[in-house]
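Visitor: I have a structure to study for class. Could we go through parts of it together?
Guide: Certainly; please put it on the screen.

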Amino acid sequence: MNIREFLETRVSNNPDKVYLYFEDQQWTYQQFNECVNQAANAFLELGISTGDRVCLMLLNSPEFLFAWLGLNKIGGIMVPINTAFKTHETQYIVDHCEANGMVACPETLDVALSVRAKSQTLKWIALIGSGSHEQLVELSPLWRKSSTSLTDIALHEQDIASIIYTSGTTGPPKGVMHTHLSYILCGQAMTVRAGLSSEDRLMVILPFFHANAQFYSVMGSLAAEASIAVVPRFSATQFWRQVKRYGVTQFNFIGAIGRMLISRPPEEFEPNHSIRVANGAPVPLDVYQAFTERFKIPHVI
């Protein structure tokens, strides 16, 4: 099975169920899939075809998901880039993967334009959000006018879906190639590891440019036919308010986030939350105890 089939199977099972919550907006599975198809058609119009690499340098947003899955639906390869990277680090990734295009947001546009000036392969930069520049393609209007249906394109489970670069601690970052099947298997594993079910609503607090949010939160939620609530970035001060607002039942975290949450003032805590699972990296005993005893989270993995 490839990612297109994986997503569309979930859509056919749950067309009217809300899949994605973001700020004051929400998308059903059907609406979400239509937006993904519009993104896919826009990439086709920009000349992207099977095997082409497109870098995404975006903050957490619905548009990141539309772009990523839209690329995968047409055989394109998504290359996520850390939004905190400066020109030098970004240039290395763009050049190394020989990217054909790049999608940026206002916060990353200056870096993208600097990279474009020196790149030998980058044909276009597409902007999500406000801004104008002679080198830019305004992506949102292109998406809106694109069809919500998508032609059949030959895809295979062993096709490359993404190239995710390592942190480069012992040398230049290495581009790790992940197949469609790799994503699907990771998502299915999360239904076992974290007990994800169709009743869950998982909050994404980790960045989409990192494998954790992609493999575990997004693919896990799709595998379980669950829902996700996406926040632009993690905020310890807003965390419990967001949990209550979206009716969150699960979230994935890293160790530093656990430390930040237990250090917040007690009055920020929402005792009537609905979280039943917190899934994260190994944490010190005091963080584990705070999650289970003070925060009353039944399952901390």
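Visitor: Which residues of helix 11 are buried?
Guide: This is a predicted model. In helix 11, which spans residues 285-294, the buried residues are Val287, Ala290 and Phe291.

Visitor: Why are they on the same side of helix 11?
Guide: The three cover an arc of only 95° around the axis, which puts them on the same side of helix 11. In general, an α-helix has 3.6 residues a turn, so residues three or four places apart point the same way.

Visitor: And what is exposed on the other side of helix 11?
Guide: Leu285 and Glu293 are exposed there.

Visitor: What covers the buried residues?
Guide: The cover includes strand 12 (250-253) and helix 10 (255-262), together with strand 13 (277-280) and strand 14 (299-300).

Visitor: What comes just after helix 11?
Guide: Lysine 296 is found there, with a positive phi of about 55°.

Visitor: New topic: what is the volume of the largest pocket?
Guide: Its volume is about 250 Å³. The largest pocket has 13 lining residues, and Asn82, Phe85, Tyr165, Thr166 and Phe209 lie nearest its centre.

Visitor: How many residues of that lining are nonpolar, polar or charged?
Guide: Nine are nonpolar, four are polar and none is charged.

Visitor: How many disulfides are there?
Guide: The count is zero.

Visitor: Why does cysteine 35 have no bond to cysteine 105?
Guide: The closest cysteine sulfur to that of cysteine 35 belongs to cysteine 105, and it is 18 Å away, too far for a bond.

Visitor: Is cysteine 35 buried or exposed?
Guide: Cysteine 35 is buried, with a relative accessible area of 18%, whereas cysteine 186 is partly exposed, at 26%.

Definitions and conventions: Residues are numbered from 1 along each chain as its sequence is written. This is a predicted model: local features need pLDDT of at least 70, side-chain atom pairs count only at pLDDT 80 or more; totals for chains, interfaces and linings use all residues. Side-chain values use heavy atoms; hydrogens and water are left out. Buried means under 20% relative accessible area, exposed over 50%, partly exposed in between (1.4 Å probe, protein chains only). Helices (H or I, at least four residues) and strands (E, at least two) are DSSP runs, numbered from the N terminus. The arc is that of the directions from the helix axis to the C-beta atoms. Contact means heavy atoms within 4.5 Å. On a 1 Å grid over the protein atoms alone, a cavity is a set of points where a 1.4 Å probe fits but cannot get out, and a pocket is an open set with protein on both sides within 12 Å along at least five of seven lines; lining residues have an atom within 4 Å of a point. Grid points are joined across faces, edges and corners, and a volume is the space filled by probe spheres set on the points. Ala, Val, Leu, Ile, Met, Phe, Trp, Tyr, Cys and Pro count as nonpolar, Asp, Glu, Lys and Arg as charged, and the others, Gly among them, as polar. A disulfide is a pair of cysteine sulfur atoms within 2.5 Å.
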